[in-house]
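Biologist: Could you take me through one part of this protein slowly, residue by residue? I would like to see how its side chains sit.

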Amino acid sequence: MPATYTLDTKIEALNLLNQLDGDFLRVKERLKIPLKTLRGWRASERELRRRFEDREYRHFASIKLELLRDMLETSRDIMQQLKSGEREGLTASQLVYTLSTLLNQAHRLEESFEDLPPDPQQETEQANRIRFVYEDDLPAAPPPATGNPGEPGAPQSSSVREKLR
């Protein structure tokens, strides 16, 4: 059964290859990874690094999100203290200053979130298209447009025309 390696091990080997100027034999000796495996990782280096960076980004984004939640929860607690009047030896101005600072920092943290590029493995959504289907061997082209579509024509039904007059 072939050995399986974690993404961290693959990135470590690629980094070591870069440090040792592509000396596969030295990396093989240090990490005990077969040459064929190392060459395969080097060939797919771009994809491996992209996966690693995506994973790292998601990890740090979850830490930021948890921190942001904690900051907002603390802000809510301070607001409750201000409303209830139970300040535990703190003045209102101290609580307001703390609240203001906390919300400003939360806002800055929220602005630091970046959107990831779309995942190329997910299928893109198909555009909606109108297709004319004809029976009895009629041409497959849509019927020609008549008149200016910006100007409404006369009503088709005689009863509608009469009611509009």
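Modeller: Happy to; here is a close look at helix α4, after a word on the whole chain. This is a predicted model, in which local features need pLDDT of at least 70 and side-chain atom pairs count only at pLDDT 80 or more, while totals for chains, interfaces and linings use all residues. Residues are numbered from 1 along each chain as its sequence is written, and side-chain values use heavy atoms, with hydrogens and water left out.

The protein has 6 helices and 0 strands; helices (H or I, at least four residues) and strands (E, at least two) are DSSP runs, numbered from the N terminus. Of its 165 residues, 16% are buried, where buried means under 20% relative accessible area, exposed over 50%, and partly exposed in between (1.4 Å probe, protein chains only).

Helix α4 covers residues 45–84. E45 belongs to this helix, and it counts as buried because its relative accessibility is 18%. Leaving aside neighbours within four places in sequence, E45 is in contact (heavy atoms within 4.5 Å) with L14 and N18.

Further along, S75 also lies in helix α4. With a relative accessibility of 5%, S75 counts as buried. Not counting residues up to four places away in sequence, S75 touches L99, L102 and L103.

E73, another residue of helix α4, counts as partly exposed because its relative accessibility is 45%.
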